[in-house]
Amino acid sequence: MTPRKRKRDETTISKIPKTEEISSSCLDQPGDQSVHEVVTYESSTLPAIHYDPVTTAPISCSLKSLEELLSWTRKEASPFNVATVPLASRFPSLDSCPRRTLVSHDMMGGYLDDRFIQGTEMEMPYAFYHWEYIDIFNYFSHQMATIPPAVWTNAAHKHGVLSIGTFITEWTDGAKICEAFLADEESYRAAADKLVQISHCYGFDGWLINIENVLSETAVKNTGHFLRYLTDQMHERVPGSVVIWYDSVLKNGTLNWQNELNDDNRMFFDACDGLFTNYNWTEQSLERMKSYSAAQGRFADIYVGVDVFARGKVIGGKFETNKALELIRKYELSTAIFAPGWVYESHEKADFRQNQDKFWSLLSEFLYIHRPSSSLPFISSFCQGFGKSLYWRGQVEMERSWFNLHAQEIQPLYLSENMENGGWLRSRGCSKDAWIGGNSLMVEGVIPSGLPEVCARIFSLHVPLAAQTFVSFVYKPPVGVKVSLELKTIDVSLCTFNGMEEIASSSVFPEALAEDNQLVEQFVQNCGQWTSDGWITKCFLLKMIGCSLREVCIRVSRDEGDEDVSFNCRIGEIMLLDVETLHAPLQSVQGICVNDVVWKKDALKEPGHTPKVLLNTTLRWQYPTQQVRHFRIHWRRLRGPDPRIRPGPLTLIGRSYSTLYRVVELEVPAAPGLIELVVEPVSREGFRVPEDRWGRRTLSYSSSGN
């Protein structure tokens, strides 16, 4: 086979299919009419593969057999597991990054708490948030076709990181699967077509192909053709996608891990976008690949595997993974970091953040910092996708531990820096208090004697500014020091660089606007009233033409004296938006409908206990998702079996991060009854949407005897 060069259109954003395309059609529900249901306690007919059989909550899943793969249809796909976030731009892009980093997320078989698409209650989950360091995220399991849960793909896409699934066959059963789908051209094309359709449908960006079983002469001959066909079709249907081969099978069909690219596995490398080597390599392996003719011009496509658990005879691993990275980068190769969840699986869960930050800090010297590239607005409240409570503008909205990576916002740089004279600086996520979501950013350290201030870089960006850019900065002031905002900008004409070299920037120290400033008053009016509870919001106006925001920094300076000063400062949110946004109208929710209703009774069986009526249903609506941060889902009782009881207040059910939400086990009054389900959009900027623009649908219900 001739060497393969990956085709990629950097200007094309991955297409995200609309959930409506793969969902059952909504009921015929005119906007001015109530939906009526008869309460019957029958078993759910929803497919158990996509819905938890106990609660009917939507879940992610894999395909476990070749039969499941070949019979897969878009009509039967889960609308909840479709990624809704398009792949963001970043610098350097994947193609211009000469040494890439792939992370393979192998966590105890996969599909754990992250399988719950709308989130779940969990005290301390595993979450990844060092996205600025990596290029590709691979969701790995030992199930045949591993489809990344939408929560992971959305989080990756927000940061410009590709999300890829895994197609794996292993041992005796795997050999039987391979003999079937690699028997001839028709068979391997049928399997490849399904993999392409699944990736396109669910909105992720490709596949790791992991064949770990012996192949017959016919099967191995067709493997290269399968890879080439799959790769070509993926590039056509999902621009920017990748297909990567794992180093296992040789060109003669034997199973023999090479730990390098060589003549025995080159045919697979030539047919796709890259090779993920096994983990037992040596420096001599790297030397051979560096001089190997087939690798010339494609060093970035060789992902040298590193097992963080350090199983077998490997270099580095665990908190010495940096030793492996140092050697790999010495030979200008890419890397595939396997199972970085070691920091979670092998240590106390309470120390997860500390160990995660330590692990990636040790690797940071050998990783690129990628800059998110987007137009305004740029907004982050630093939420990592989990927390001890759910906050909105500094107030607790739900008081319970939660985990939902859909809620993860653009992540800052988590730095750890030691200075001379005993000074130090660190930034970390903290769940003890937050402005929005589950976490705030804690910037802490010591200003050493002899230094008037320290500066923490929290974002490295490429965001063209408007002629007038409004800035909002939310923080809790520390004691004994002053906190200010420093923005670094460059001339936008310099932003066509390839991402490798540094460009000199200019620092801007914006002056805070007065509270009676017209723009501040408009901003406060848009946001609605909130209780500050110690949080301070400062607003700024930047008037800069032809400039791009390069860095956001927090500058902490001493009040007085010259002795060491320790500090900790909690940052709640950074927001930059075009001034015109302050006056933009907000749209109304359209087309809300109710379907897939399942009625249940609570399981409590005590003498004299009246079973509670539990409603499970799916809400769908229409709204431009690029304009919202999330939707709040509410309900209220309008009428129950006792007409003397007045209608109840609106009660929050939960948050949705798409135009789809599954109401799960909502306790409602006994039949007959009438309730209202309400969808409230929350704008990206956090502006309050007037109630007359919320979506509403009434649901009446009666018992089967009526």
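## Around Phe-226

In this predicted model, Phe-226 has plenty to lean on: leaving out residues up to four places away in sequence, Phe-226 touches Phe-181, Leu-182, Tyr-188, Ala-192, Leu-195 and Ile-209.

Phe-226 also belongs to the largest nonpolar core, a set of 152 residues, where Ile-209, Phe-226 and Trp-360 have the most contacts. Which helix gives the most to this core? That's α4, spanning residues 185-202, with 8 residues. There's a second, separate core too, with 25 residues, and Val-35, Val-39, Ile-633 and Leu-699 are among them. As a general point, nonpolar side chains in soluble globular proteins tend to be buried together.

## The largest pocket

Now for the open space. The largest pocket comes in at a volume of about 1200 Å³. Its lining takes in 47 residues, and the ones nearest the centre are Val-85, Lys-158, Gln-626, Val-628 and Arg-684. Elements giving two or more residues to that lining are α2 (150-158), β12 (371-373), β13 (378-380), β20 (436-437) and β31 (628-639).

What's the lining made of, by class? You get 23 nonpolar, 18 polar and 6 charged residues.

## Cysteines without a bond

How many disulfides turn up in a search of the whole structure? The count is 0. Take Cys-527: its closest cysteine sulfur sits in Cys-539, 8.1 Å away, so the pair is too far apart for a bond. A disulfide would need the two sulfur atoms within 2.5 Å.

Is Cys-527 buried or exposed? It's buried, at a relative accessible area of 7%. Cys-547 counts as buried as well, with 16% relative accessibility.

How values were computed: Residues numbered from 1 in each chain as written. Predicted model: local features only at pLDDT ≥ 70, side-chain atom pairs only at ≥ 80, totals over all residues. Heavy atoms only, no water. 1 Å grid on protein atoms, 1.4 Å probe; cavity = no way out; pocket = protein on both sides within 12 Å on 5 of 7 lines; lining within 4 Å. Points joined across faces, edges and corners; volume = space filled by probe spheres on them. Helix = DSSP H or I, 4+ residues; strand = E, 2+ residues; numbered from the N terminus. Nonpolar A, V, L, I, M, F, W, Y, C, P; charged D, E, K, R; others polar. Buried < 20%, exposed > 50% of the residue type's maximum accessible area, 1.4 Å probe, protein only. Core = buried A, V, L, I, M, F, W, Y, C linked by side-chain atoms within 4.5 Å. Contact = heavy atoms within 4.5 Å.
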